[in-house]
Amino acid sequence: MGNCCSDEAGGRTAVGGTAASMGNLNNAPNDAVGHFLKSRGHALFSQIELSYSASDLRDRDVLSKSDPMVIVYTKGRDGVLEELGRTEVVLNSLNPKWITKHTITYQFHIVQTLVFHVYDVDTQFHNVDVKMLKLEEQQFLGEGSGVLSQIITKSDRSLTLDLVHREESMGSNRARNLGKLTVHAEECISSKTTMEMIFRCSDLESKDLFSRSGPFLVISKVVESGIQIPVCKTEVIKGDLKPTWKPVFLNIQQVGSKDNPLVIECFNFNSSGKHDLIGEVRKSLADLEKLHSSGQGENLFLPTSVGHNYQNKVLKSQLFVDKFSQSTKHSFLDYLAGGCEMNFMVAIDFTASNGNPRLPDSLHYIDHSGRLNAYQRAIVEVGEVLQFYDSDKRFPAWGFGARPIDGPVSHCFNLNGSSHHSEVEGIQGIMMAYTSALLNVSLAGPTLFGPVISNAALIASHSLANSGRKYFVLLIITDGVVTDLQETKDALVKASDLPLSILIVGVGGADFKEMEILDADKGERLESSTGRVASRDIVQFVPFRDVQSGEISVVQALLAELPTQFLTYMRTREIQPIS
Amino acid sequence: MESTSRTLEVTVISGENLRTNRKPVKKNAFVVIQTDSNKVCTTKMDADGGSYPSWNEKLVVDVPMHERFITVEVQCKTSGGNKTVGVARIPISDFVGGHVPQSYLHFLSYRLRDNKGERNGIINISVKAKVPEYASCSGTGMGVPLGDNNFGGVVTGIPIWCTNTGRF
């Protein structure tokens with residue numbers, strides 16, 4: 001066990017999704033933990049605290065100034081508002097600073113639209129709990145909306161919105177000044193604080209008479225109902241009755257708080273999967289810190305039940321904490337606020353297997369009623385998330401596998417028809433370039449990825465050469481199995497050393513089994529024809545089937561791993577965010 | 001001033017799934033880096049890492065300008081002497097030339113092959129070319145690509161880079 005599931009590349013590849021596992025990157029691998037975290041997916045979630053202030057609000061009170069309150073809503077994909085919370089009422093102020101803050105979980109792969117309503121709360125309601133206020137009895141001062149990723153990518157993490165009238169009263173073109181609302185987002189410190197601990201046991205009893213024992217630790221948190229939820233696990237050390245394990249990394253967010261009780265169990269590894277409990281210790285992180293500073297050991301005990309009585313048999317074996325250090329790592333959001341960007345690029349498959357674009361059964365059919373085809377949907381769904389991380393919103397866009405205006409087949413042509421530049425303006429620019437390209441090229445083949453990946457890698461290299469602090473994301477949308485599998489692998493292996501991630505979305509009904517080879521999550525590390533191996537996983541593949549509206553699509557779920565890939569790149573190179 | 005060799009800082013990070021005679025390496029693996037002119041640098045042994053050793057040791061290697069490869073060899077100390085586990089021959093062009101800055105820190109992994117040419121484990125290294133001071137301030141570090149830098153000889157035909165540089 002232990003190493004058998006590792007692809008850690010010397011601790012260089014991320015071993016999981018939470019910020020905690022990131023603590024691992026520059027240190028020795030912690031593969032057992034990695035395996036555990038892998039089984040839980042990679043998404044990055046971060047707790048964000050929102051605070052609010054306003055200026056130049058309208059004065060609606062006759063004798064005094066307005067008494068403003070903010071209500072925050074999250075807006076779903078279906079446009080429905082859901083209340084996140086209300087602030088307190090600030091008395092007599094047109095430039096209020098509210099004290100109440102709201103916490104929201106930031107999710108990279110979702111566009112999280114927030115809507116803010118500001119009300120003047122009438123004096124007669126001042127004794128009423130804000131949650132009980134009837135909004136129709138209050139004076140509306142204005143509203144504003146913004147996207148969470150827009151706020152957190154600002155260097156000061158503050159977004160100032162011009163307050164406007166309610167949508168229904170927008171008909172009049174009176175551009176009256178309703179004041180401004182400033183929303184500030186701060187990442188909760190617990191998302192970033194990581195503990196590094198080295199555990200050691202003494203005097204473990206050898207349970208296995210016939211084979212050597214292999215002790216390992218499992219650390220679990222205890223939730224309110226008393227259930228134990230494992231959060232990490234060490235490697236197995238064979239044949240050692242006084243083992244010292246590799247460092248364990250725990251994030252405060254993973255365990256709740258430093259005072260939450262943890263159960264540390266010591267097991268003897270059994271290849272049947274039925275590991276024998278040697279003994280356990282119950283301690284919070286704060287207790288473990290004390291244990292470390294005292295240098296003392298804590299006796300393990302073995303819970304045993306005798307009839308209805310639970311008795312703990314105290315063992316001779318002891319647990320020691322040889323190292324306890326607390327550190328704060330730069331988070332994904334720190335890098336964004338420090339001016340790092342994620343730049344979006346797209347490459348579209350124009351091979352003949354897509355079918356004649358003029359016919360409705362083609363994957364490239366443009367429905368003029370506005371219904372998007374699979375290519376358009378993939379562009380929109382990935383683009384609408386990533387655009388907020390790209391300040392100039394100029395996206396390189398290519399096509400491959402077609403003949404542009406009677407030329408030979410090109411495996412990387414500019415979607416906008418230009419022979420000089422590949423960039424288009426915004427998501428709308430990609431959509432327009434795509435539809436016009438369909439009219440101007442004739443579909444051909446075969447399906448080669450090598451050239452578009454190489455071009456994306458070239459852009460990433462040039463950005464580095466110009467000391468850019470950018471990370472690139474190439475979206476390849478394709479209907480078929482790649483013809484140049486080895487060339488694609490070669491290009492991907494080279495690109496794994498660059499600030500680049502590649503998302504491949506398969507559309508249509510083809511069998512995409514071969515594509516899964518490219519996604520290292522699902523198999524071995526990619527190897528080039530010269531024997532070079534990808535130094536990290538940069539590819540994700542997903543087949544794009546019909547998606548229910550209102551749900552997070554598979555394509556957006558695909559984005560969830562990007563922050564981890566971004567952080568792996570930045571942290572292994574010890575690139576610091578500029579603060 | 002023309003220098004006759006380039007200085008590489010090679011950090012030997014770790015090995016994965018190392019085997020000798022189809023069995024996992026038990027202990028005492030170490031790495032030897034060699035230039036074609038037979039300059040040799042060696043890491044310490046990893047006594048505990050078994051078939052997944054980690055060294056995290058930085059070696060400074062001087063490679064004559066005309067040489068195009070370095071050889072990274074994993075060996076293992078046994079009672080019967082030092083045994084070769086596997087070798088990777090690494091083209092200098094993987095980290096010199098190309099379009100990234102000269103002093104870029106490359107993270108690279110290679111498949112090892114044993115004496116019979118059979119696939120063995122993987123070696124993970126990082127490489128940084130030491131840039132002479134007079135050249136370090138030259139900015140872009142646009143080098144001439146060394147050796148075969150193309151991808152299977154596919155012609156892309158679009159001079160993307162000269163139009164895109166203005167963007168960054």
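**Strands and burial in chain A**

In this predicted model, strand 9 of chain A, which covers residues 193-202, is joined by 4 bridges to strand 12 of chain A, and the two strands run antiparallel. One can place this pairing at the level of single residues, for the bridge partner of A:Met195 is A:Leu250, which belongs to strand 12 of chain A.

Strand 12 of chain A, made up of residues 248-251, also shows how side chains are arranged about a strand: A:Val248 and A:Leu250 point one way, while A:Phe249 and A:Asn251 point the other way. Whichever way they point, all of these residues are buried. For the chain as a whole, buried residues account for 47% of the 579 residues in chain A.

Another part of chain A holds an open sheet of 4 strands, in which the order is 3-2-5-6 and the pairing is antiparallel. Its edge strands are strand 3 (81-86) and strand 6 (139-147) of chain A, each of which pairs on one side only. From one strand to the next, the twist averages 25°. Within this sheet, strand 5 of chain A, residues 113-120, is connected to strand 6 of chain A by 8 bridges, with the two strands running antiparallel. Here A:Leu114 has A:Gly146, in strand 6 of chain A, as its bridge partner.

Stepping back to the full chain, the secondary structure of chain A amounts to 12 helices and 26 strands. When the contacts in chain A between residues at least 6 apart in sequence are considered, 69% of them join residues that are at least 24 apart.

Definitions and conventions. Residues numbered from 1 in each chain as written. Chains lettered and ligands numbered in written order. Predicted model: local features only at pLDDT ≥ 70, side-chain atom pairs only at ≥ 80, totals over all residues. Pairing = 2+ DSSP bridges. Axes fitted to C-alpha atoms, helices over the stretch in contact; angles between N-to-C directions. Buried ≥ 20, exposed ≤ 12 C-beta atoms within 10 Å, placed from the backbone. Contact = placed C-beta atoms within 7 Å.
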